[in-house]
Amino acid sequence: MSLQRFMQYPWSNWMKGEGPDADIVISTRLRIARNLRQHPFPLLATDSQAEEVVNKVAEVATSDAMQKVGSFEQVKMEQLSPLEKRVLVEKHLISPNLAEESRKGAVLLSEDESVSIMVNEEDHIRIQVFLPGFQLSEAWEAGSRIDDIFEKNLNYAFNENRGYLTSCPTNVGTGIRASVMLHLPALVMTQQINRILQAINQVGLVVRGLYGEGSEAVGNLFQLSNQVTLGMSESDIISNLYSVANQIIQQEREARRYLSEHSRTALEDRICRSYGTLLYARTVESKEAAQRLSDVRLGIDLGIIDNVTSFTLNELLVSTQPGYLQQAAGQKLTAEQRDERRARLIREKLSAK
């Protein structure tokens, strides 16, 4: 395992296109935020203090207990170029914040990229678990197991009344943020999405774009996650998110059924036009690619397109991003060059039998 392995291949474990409700739920993510007692938060720490945290976390990550979970590779941010950092962000293995602002940050990556442990991001430790499909309970179990190992070996900052202490008050309490990445084209097409998003805000949940907070929802992809971490147990957070996500899944299925029954010709025309454009286009910018790939994904799920797999579409989510396109090219590219390479890559993937 090496850094080159994480850079060379665009796919990760969560892109398999498998798992429960995988036609609507692209992936599940569970993130646990933790800090070490008697250590300044990363934003206030000196370089030497931050480095001490990195070393302590790395020591636990290579312990016998963690080896039973899997093998981890440590990557320090200071050793990466801006482009390499961008690729890791596009693969969801690190956050934009860790890539842009952390002086002495690091990430520990499992071999199949299903676990990412960020060090010295906003908090000392952020354990992330990624699973394909709708697997909230499974993600929590995996993340909790890793968290238990760290807690046995490190002195967490914890308060009996407030729970786990974090740099941002919105994470105090359980410190967990669970999310599901949903593909909701039918709710967008039937103009129901805004009503649903407004209702979600009333139940302690939040919707963000593909790359989390501050990112735009493109390609009809939405991240649904809990907003409240204090005053609720971990099981309550998971249960609440599961219940709301399940309702959205059912509404998306109903919207797809309605479109198939009442607008079948128009729906097939839209999907096939997008498929045809991607098969023959010589240049395509990122937003158009995301939208047309969304149409193709819907066509796969409805049986309109049968020679493309969900895995291919999930892989293209990463491999068509600006950072990965330039990493694969081995050089910095202009916007026009990226659009040409993106179109060629999509043609090749969709044409492969």
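This section describes the surroundings of one helix, its packing against a second helix, and several individual residues in a predicted model.

Helix α12, which spans residues 310–319, is largely enclosed by the rest of the structure, because nine of its ten residues are buried. The residues of α12 that fall in this buried group are S310, T312, L313, N314, E315, L316, L317, V318 and S319. The cover over them is drawn from several elements of the chain, including the strands β1 (25–34) and β10 (221–226) together with the helices α4 (82–90), α11 (286–301), α13 (322–329) and α14.

The packing of α12 against α14 can be described in further detail. Two packed helices are generally described by the angle between their axes and by the distance between those axes. For α12 and α14, the latter formed by residues 335–351, the axes come within 11 Å and cross at roughly 165 degrees. Since angles over 145 degrees count as roughly antiparallel, α12 and α14 are therefore assigned to that arrangement with respect to each other. The crossing of α12 and α14 is right-handed. On the side of α12 the contact is made by T312, E315, L316 and S319, and on the side of α14 by L345, I346, K349 and L350. Sorted by class, the residues in this contact of α12 with α14 comprise four that are nonpolar, two that are polar and two that are charged. The four contributors from α12, namely T312, E315, L316 and S319, are also listed among the buried residues of that helix. An α-helix has 3.6 residues a turn, so residues three or four places apart point the same way.

Two residues other than glycine adopt a positive phi in the model, namely H92, with a value near 70 degrees, and N120, with a value near 60 degrees. Such values may be set against the general pattern, in which most residues other than glycine have a negative phi. H92 is placed in the loop between α4 and α5 (96–101), where its relative accessibility of 13% classes the residue as buried. N120, in turn, belongs to the loop that connects β4 (115–119) with β5 (125–132), and N120 is likewise buried, its relative accessible area being 5%.

N120 also appears in the surroundings of G105, a residue located in the loop between α5 and β3 (106–110). With residues up to four places away in sequence left out of account, G105 touches K76, M77, L98, V119 and N120. G105 itself counts as buried, at 4% relative accessibility. The C-alpha atom of G105 is separated by 10 Å from that of I125, a residue 20 positions apart from G105 along the chain.

A partly exposed position is provided by N246, which is found in helix α9 (residues 234–262) and has a relative accessible area of 26%. Between the C-alpha atoms of N246 and L197, which are 49 residues apart along the chain, the separation is 14 Å.

With regard to cysteines, the structure holds zero disulfides, a disulfide being a covalent bond between the sulfur atoms of two cysteines. C168 is partly exposed, with a relative accessible area of 23%, and C272 is also classed as partly exposed, at 42% relative accessibility.

Technical notes:
Residues are numbered from 1 along each chain as its sequence is written. This is a predicted model: local features need pLDDT of at least 70, side-chain atom pairs count only at pLDDT 80 or more; totals for chains, interfaces and linings use all residues. Side-chain values use heavy atoms; hydrogens and water are left out. Axes are lines fitted to C-alpha atoms, for helices over the stretch in contact, and angles run from 0 to 180 degrees between N-to-C directions. Helices (H or I, at least four residues) and strands (E, at least two) are DSSP runs, numbered from the N terminus. Angles under 35 degrees count as roughly parallel, over 145 as roughly antiparallel, 65 to 115 as roughly perpendicular and the rest as oblique. A crossing is left-handed if the near helix is turned anticlockwise from the far one by less than a right angle, and right-handed if clockwise. Contact means heavy atoms within 4.5 Å. Ala, Val, Leu, Ile, Met, Phe, Trp, Tyr, Cys and Pro count as nonpolar, Asp, Glu, Lys and Arg as charged, and the others, Gly among them, as polar. A disulfide is a pair of cysteine sulfur atoms within 2.5 Å. Buried means under 20% relative accessible area, exposed over 50%, partly exposed in between (1.4 Å probe, protein chains only).
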